Amino acid sequence: MRYLQEMCQIVAITPLAQGVYDMMLSAPAIAGKAKAGQFVHILCGEHLLRRPISIAGFQPETGTLRLVFEVRGQGTKWLSERSVGQSLDILGPLGHGFPLLDKSKKVVLVGGGIGTPPLLPVAQHYGENATVITGFRHQAACILQQDFAAAGASTILCTDDGSAGFHGF
């Protein structure tokens, strides 16, 4: 599939945890073609290389795209400092995405840290037939637990230090 380049307006940006942000974009063309497990490349200011960010949600009907990202360097720091109403130059959707089976099938989804956001559309597809196991360093780093539960999925939370959920890796 050919990717699209779109100037996308920021609709909302909120912090989820220390250094982790939830961004909603108006991106009708990309949202209309996105599939679970794909990502986008975002041009971050004057930085030469685009930043790859997983798609955490998409609504073709409303033309919105949800991204959850962690500040890891200068590019994602720049991205975290954007405001509602500003536009971003985005390429996407990229990648093959996850194969989705019949919704009646049972699935187990496993992710850790910033690797959990691309699992959200999969959990939404399977609903109550999904079990989501997520792992984080500590309680303050836990993200998207309510979103997975709202999708109807059973959730199992693990933290490295035992401050929330199961204590273990």
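1. Contact here means heavy atoms within 4.5 Å. With that in hand, take valine 107, in a predicted model. Leaving aside neighbours within four places in sequence, valine 107 is in contact with Tyr126, Asn129, Ala130 and Thr131. Valine 107 belongs to strand E7. Its relative accessibility is 15%, and buried means under 20%, so valine 107 counts as buried. Aspartate 161 makes a useful counterpoint. It is 54 residues from valine 107 in sequence, and the two C-alpha atoms are 27 Å apart in space.

2. Now the whole chain. The protein chain holds four helices and 10 strands. Read from the N terminus on, the order is β-β-α-β-β-β-α-β-β-α-β-α-β-β. Trace that order on the structure above.

3. Next, overall dimensions. The C-alpha atoms fill a box of roughly 40 × 35 × 25 Å, taken along the principal axes. What radius of gyration would a compact globule of 169 residues have? It would be near 15 Å. The protein chain has 16 Å, which agrees. Buried residues make up 43% of the 169 residues. Consider also the contacts with a separation of 6 or more: residues 24 or more positions apart account for 59% of them.

4. On to the interior. The largest nonpolar core has 21 residues. Those with the most contacts inside this core are Val68, Leu109, Ala123, Val132, Ile143 and Phe148. Strand E7 (107–112), helix H3 (120–126) and strand E8 (130–136) each supply at least two of the core's residues. Which element gives the most? H3 does, with four residues. Another core lies apart from this one. It has 19 residues, among them Ala34, Leu65, Phe69 and Ile90.

5. Valine 68 deserves a closer look. Not counting neighbours within four places in sequence, valine 68 is in contact with Leu16, Val20, Tyr21, Asp22, Ile53, Ser54, Ala56, Ile114, Pro117, Ile143 and Leu144. Find these residues in the sequence, then find them in the structure.

6. Leucine 144, one of the contacts of valine 68, has a backbone feature to check. It has a positive phi of about 65° although it is not a glycine. Where is leucine 144? It lies in the loop between E8 and helix H4 (145–150). Is leucine 144 buried or exposed? It is buried, because its relative accessible area is 6%.

7. A second backbone feature sits at glycine 92 and proline 93. A cis peptide bond joins these two residues, with omega about -10°. Proline 93 lies in strand E6 (residues 87–94).

8. Strand E9 (residues 154–159) offers two residues to set side by side. Isoleucine 156 is found in this strand, and so is threonine 159. Isoleucine 156 is partly exposed, with a relative accessible area of 38%. Threonine 159 is buried, with a value of 0%.

9. What do these two residues touch? Residues up to four places away in sequence are not counted for isoleucine 156 or for threonine 159. Isoleucine 156 touches Thr131, Val132, Ile133 and Thr134. Threonine 134 is 22 residues from isoleucine 156 in sequence, yet their C-alpha atoms are 6.4 Å apart. Threonine 159 touches Phe136, Arg137, His138, Gln139, Cys142, Ala164, Phe166, His167 and Gly168. Histidine 138 and threonine 159 are 21 residues apart along the chain, with 5.2 Å between their C-alpha atoms.

10. Proline 60 is a loop example. Its place is between strand E4 (51–59) and strand E5 (64–70). At 41% relative accessibility, proline 60 counts as partly exposed. Proline 60 touches Ala31 and Gly32, with residues up to four places away in sequence left out. Lysine 33 is 27 residues from proline 60 along the chain, and their C-alpha atoms are separated by 7.7 Å.

11. Last, the empty space. The largest pocket holds about 220 Å³. How many residues line the largest pocket? The lining has 14 residues, and Val20, Glu70, Gly113, Arg137 and Ala141 lie nearest the centre. The lining divides into seven nonpolar, four polar and three charged residues. Two of these names have come up before. Val20 is among the contacts of valine 68, and Arg137 is among those of threonine 159.

Definitions and conventions. Residues numbered from 1 in each chain as written. Predicted model: local features only at pLDDT ≥ 70, side-chain atom pairs only at ≥ 80, totals over all residues. Heavy atoms only, no water. 1 Å grid on protein atoms, 1.4 Å probe; cavity = no way out; pocket = protein on both sides within 12 Å on 5 of 7 lines; lining within 4 Å. Points joined across faces, edges and corners; volume = space filled by probe spheres on them. Nonpolar A, V, L, I, M, F, W, Y, C, P; charged D, E, K, R; others polar. Core = buried A, V, L, I, M, F, W, Y, C linked by side-chain atoms within 4.5 Å. Buried < 20%, exposed > 50% of the residue type's maximum accessible area, 1.4 Å probe, protein only. Rg over C-alpha atoms; globule rule 2.2 N^0.38 Å.
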